[in-house]
Amino acid sequence: MQIHKVAAFTENGSGGNPAGVVLADTLPERETMQRIAAEVGYSETAFAAPSGERWQTRYFSPESEVPFCGHATVALGAVLAEERGAGRYQLSLSGGDIEVEASMKDGMGHSTLRSLPSRNAPAPDALVEEALALFGYHGNHLDRNLPPRLMSAGAEHLFLALDSRERLSAMDYNLEEGRTFMRRHSLVTVAFVWREAEGLFHARNAFASGGVIEDPATGAAAAALAGMLRDKGNLARGELTILQGADMGRPSRIVVRYDYPAGSPVFVSGASAKIA
């Protein structure tokens, strides 16, 4: 069984978020996939096996299974394009079906995933207060034009917009306390953003639920963010760019396109590079 190591959402060929990718004739047992993901040590490893015209796909962090992972899907697309050829691949997840369109150019993978339908709801005040205390922020540190929301496009995230890039750079928390908080509230990540311009966001995603302090690029949260901003009328244009990972030394670029109606899937694109 070959384990591919791929950095997804790279910026000019460097940085990005490392993911493991395993293609198999049939998916291994759950315990085997969990063990492999822990050994790989990346925030997620994607496992995929052909099932009719689709690929049955599951994602594992080092500590638990994750319902959907955007950067591992982008990495999976790159591996499929290299081994099976450019094209559109239908993926069957536990929560529904998605698609990844991928190709290779000059040794780089280029993938666009179509997410699951998006949804969002106001974040309860008590949840927001607990999150702010965990990360050492206060209510007056939030961007009042972008209120806290619960958002999803295949995985659950708490969205918190901060009022400056400096606040975003200061993001820090205790991993064990964060793990307890996120698992208690069934959150995959807490997604902090700062909006530089209407279609340009800087992001940091705490991922203690998967045993990782922070994700350098989070495609699932990017999909949820674009869907939420579209549905709330916070975006006039049909595309946004998310810059992530710079505070970790792994600059990443995520491009999300969206259309209407509200709640419909969005399209998340990024470049990938093999990890030696």
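Is E39 buried or exposed? E39 counts as exposed, because its relative accessibility is 54%. Exposed means over 50% relative accessible area, buried means under 20%, and partly exposed lies in between (1.4 Å probe, protein chains only).

This is a predicted model, in which local features need pLDDT of at least 70, side-chain atom pairs count only at pLDDT 80 or more, and totals for chains, interfaces and linings use all residues. Residues are numbered from 1 along each chain as its sequence is written, and side-chain values use heavy atoms, with hydrogens and water left out.

## Salt bridges

Side chains of opposite charge can pair when their charged atoms come close. A salt bridge here is a side-chain nitrogen of Lys or Arg within 4 Å of a carboxyl oxygen of Asp or Glu. That rule gives 19 salt bridges. Three of them are listed below.

| Pair | N to O distance | Accessibility of the acid | Accessibility of the arginine |
|---|---|---|---|
| E39 and R35 | 3.2 Å | E39, 54% | R35, 44% |
| R58 and E65 | 2.8 Å | E65, 28% | R58, 24% |
| E130 and R184 | 2.0 Å | E130, 29% | R184, 47% |

E39 and R35 both sit in helix α1 (residues 30–40). They are four residues apart, about one turn of the helix. R35 counts as partly exposed. In the second pair, R58 is partly exposed, and E65 is partly exposed too.

The side chains of E130 and R184 also meet in a salt bridge. This pair links distant parts of the chain: E130 is in helix α3 (residues 125–135) and R184 is in helix α5 (residues 175–184), 54 residues apart. E130 is partly exposed, and R184 is partly exposed as well. Salt bridges with shared partners also join E63, E176, R179 and R183 into one network.

## Helices

Helices are DSSP runs of H or I with at least four residues, strands are runs of E with at least two, and both are numbered from the N terminus.

How do α3 and α5 lie relative to each other? Their axes come within 11 Å and cross at roughly 165°. Axes are lines fitted to C-alpha atoms, for helices over the stretch in contact, and angles run from 0 to 180 degrees between N-to-C directions. α3 and α5 are therefore roughly antiparallel, a label for angles over 145 degrees; under 35 is roughly parallel, 65 to 115 roughly perpendicular, and the rest oblique. The crossing of α3 past α5 is left-handed: the near helix is turned anticlockwise from the far one by less than a right angle.

Helix α2 (residues 70–84) has 15 residues. Its expected span is 1.5 Å times one less than its number of residues. That span is 21 Å, and the end C-alpha atoms are 20 Å apart, which agrees. α2 is mostly covered, with 12 of its 15 residues buried. Among them are G70, H71, V74, L76 and L80. Just after α2, G85 takes a positive phi of about 105°.

## Strands

Two strands pair if DSSP finds at least two bridges between them. Strand β11 (residues 156–161) runs parallel to strand β12 (residues 189–197), and five bridges join them. L160 stands opposite F192 in β12.

β12 also pairs with strand β13 (residues 200–207), in the antiparallel sense, over seven bridges. Here W194 has H202 in β13 as its bridge partner. A hairpin of two residues connects β12 to β13.
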